[in-house]
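This report goes through a predicted model, beginning with contacts between charged side chains and moving on to helices, surface and pocket.

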Amino acid sequence: VAALDENKRLQKTLGDWQASCDALAEDLRSLGLRPVPSETPFFLLPLPEATAVAKSLVARGVRVRPCAS
């Protein structure tokens with residue numbers, strides 16, 4: 001029974017995380033940005049000044065993984 005409760009809690013947490021990510025992506029789209037659609041609780045956001053934006057976000061405590069390649 002405890003394992004089932006833990007699984008329910010995990011599923012709720014993942015659902016909440018995905019909903020937050022979806023809401024952020026929608027807010028970014030409303031600003032004219034184009035986050036790449038994803039079924040994961042993260043997304044790719046192409047930006048012309050990606051390196052500078054990433055550094056600024058990291059300085060504010062936001063976890064960023066630059067994908068410049």
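Arg9 and Glu6 both belong to helix α1 and are three residues apart, about one turn of the helix. Their side chains meet in a salt bridge, with 2.6 Å from N to O. A salt bridge here is a side-chain nitrogen of Lys or Arg within 4 Å of a carboxyl oxygen of Asp or Glu. Helices (H or I, at least four residues) are DSSP runs, numbered from the N terminus. Glu6 counts as partly exposed, at 41% relative accessibility. The classes are buried for under 20% relative accessible area, exposed for over 50%, and partly exposed in between, using a 1.4 Å probe and protein chains only.

As this is a predicted model, local features need pLDDT of at least 70 and side-chain atom pairs count only at pLDDT 80 or more, while totals for chains, interfaces and linings use all residues. Residues are numbered from 1 along each chain as its sequence is written, and side-chain values use heavy atoms, with hydrogens and water left out.

**Salt bridges**

A search of the whole structure finds three salt bridges. They are set out below.

| Pair | Closest N to O distance |
|---|---|
| Arg9 and Glu6 | 2.6 Å |
| Lys12 and Asp16 | 2.7 Å |
| Arg29 and Glu26 | 3.2 Å |

Lys12 and Asp16 both lie in helix α1, four residues apart, which is about one turn of the helix. Lys12 is exposed, with a relative accessible area of 54%, whereas Asp16 is partly exposed at 40%. Arg29 and Glu26 are separated by about one helical turn because they are three residues apart in helix α1. Arg29 is partly exposed, its relative accessible area being 40%, and Glu26 is partly exposed as well, with 45%. An α-helix has 3.6 residues a turn, so residues three or four places apart point the same way.

**Helix α1 and what follows**

Helix α1 covers residues 2-30, which makes 29 residues. From its first C-alpha to its last it reaches 42 Å, close to the 42 Å expected at 1.5 Å a residue. The expected span is 1.5 Å times one less than the number of residues.

Which residues of α1 are buried? Gln18, Cys21, Ala25 and Leu28 are. For Cys21 the relative accessibility is 10%, so this residue counts as buried. Gly15, also placed in helix α1, counts as partly exposed at 37% relative accessibility. The C-alpha atoms of Gly15 and Pro41 are separated by 8.8 Å, and the two residues are 26 residues apart along the chain.

After α1 comes Gly32, whose phi is positive, near 90°. Leu33 lies in the loop between α1 and α2 and is partly exposed, with a relative accessible area of 29%. Leu33 and Trp17 are 16 residues apart in sequence, and their C-alpha atoms are 21 Å apart in space.

**Helix α2 and the nonpolar patch**

Leu57 is found in helix α2, which runs over residues 50-59. Leu57 is partly exposed, with a relative accessible area of 32%. Between Leu57 and Cys21 there are 16 Å in space, C-alpha to C-alpha, at 36 residues apart in sequence.

Leu57 is one of the residues of a nonpolar surface patch of about 330 Å², which is made with Val53, Val58, Val62 and Val64. Patches are made of residues with over 30% relative accessible area and no salt bridge; like charges are joined within 9 Å, and nonpolar side chains (Val, Leu, Ile, Met, Phe, Trp, Tyr) within 5 Å. Accessible areas come from the Shrake-Rupley method with a 1.4 Å probe.

**The largest pocket**

About 1,000 Å³ of space lies in the largest pocket. The lining holds 28 residues, and those closest to the pocket centre are Phe43, Leu45, Arg63, Val64 and Arg65. The elements that give two or more residues to this lining are α1 and α2. α2 gives the most, with five residues. A pocket is an open set of points on a 1 Å grid where a 1.4 Å probe fits, with protein on both sides within 12 Å along at least five of seven lines, and lining residues have an atom within 4 Å of a point. Val64 is named both in the nonpolar patch and among the residues closest to the pocket centre.

Technical notes
Grid points are joined across faces, edges and corners, and a volume is the space filled by probe spheres set on the points.
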